[in-house]
Amino acid sequence: MIDGVKVKKLKVIPDERGWLMEILRCDDDIYQEFGQVYLTTAYPGVVKAWHFHKKQTDNFTCVNGMMKVALYDSREDSPTYGEVNEFFVGDRNPMLISVPPLVYHGFKAVGTETAFFVSVPTLPFNYDEPDEYRLDPDTDEIPYDWILDKSKKHG
């Protein structure tokens with residue numbers, strides 16, 4: 001596991017009305033602080049990658065569908081520098097992933113339905129000075145192959 005990355009297996013509590021799944025609690029070991037909560041989606045086969053943050057930690061999960069999450073440790077002073085982690089997260093494997101600053105991350109919607117991605121970063125998005133640094137999904141700087149569908153716009 002990349003140094004500083006944490007995962008939390010999420011518990012689904014079903015009953016006759018439906019189900020509940022707690023994602024992130026302020027009393028979790030994984031919790032640091034609250035910035036905002038947002039939802040984004042990706043259609044089947046679409047990749048949203050690569051980016052990292054200098055200040056914030058990202059905490060995210062897939063609440064509908066499935067996604068393949070990839071992480072790359074670009075921190076030269078890290079004991080896991082250059083390592084890649086891959087996770088399959090969603091309906092069949094509910095999990096929260098916490099990604100520290102300077103670790104590149106992205107995801108690909110896998111399967112046949114839209115993936116719904118919920119994120120709880122430690123800082124709110126700053127529209128005037130975004131803490132977001134991007135590379136193309138097929139960059140040579142990261143040793144990972146998303147197996148891109150060239151007919152779809154990725155990034």
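This section describes the two sheets of a predicted model and three points of its backbone geometry.

The model is predicted, and local features are reported only at pLDDT of at least 70, side-chain atom pairs only at pLDDT 80 or more, while totals for chains, interfaces and linings use all residues. Residue numbers start from 1 along each chain as its sequence is written, and side-chain values use heavy atoms, with hydrogens and water left out.

Strands are DSSP runs of E with at least two residues, numbered from the N terminus. Two strands count as paired if DSSP finds at least two bridges between them. One open sheet is built from 5 strands in the order S1-S9-S6-S11-S4. Its pairing is antiparallel. S1 (6-9) and S4 (38-42) are the edge strands. Each has a single partner strand, so one side of each is left without a neighbour in the sheet. Neighbouring strands of this sheet are turned by 25° against each other on average, direction ignored. The axes behind this angle are lines fitted to C-alpha atoms, and angles run from 0 to 180 degrees between N-to-C directions. At the S1 edge, S1 pairs with S9 (residues 95-99) in the antiparallel sense. The pair spans 4 bridges. Lys9 stands opposite Met95 in S9.

A further open sheet also contains 5 strands, in the order S8-S7-S10-S5-S12. Here, too, the pairing is antiparallel. S8 (84-90) and S12 occupy the edges. Both have a single partner strand, so one side of each lacks a neighbour in the sheet. S12 is joined to S5 by 2 bridges, and the two strands run antiparallel. Within this pairing, His51 stands opposite Arg134 in S12.

Strand S5 (residues 47-52) also holds Trp50. A cis peptide bond links Ala49 to Trp50, with omega of about -25°.

Positive phi values occur at Leu102 and at Ile147. Neither Leu102 nor Ile147 is a glycine. For Leu102, phi is near 75°. Leu102 sits in the loop between S9 and S10 (103-110). Accessibility is classed as buried under 20% relative accessible area, exposed over 50%, and partly exposed in between (1.4 Å probe, protein chains only). With 34% relative accessibility, Leu102 is partly exposed. For Ile147, phi is about 55°. Ile147 lies in the segment after S12 (133-134). Its relative accessible area is 59%, so Ile147 counts as exposed.
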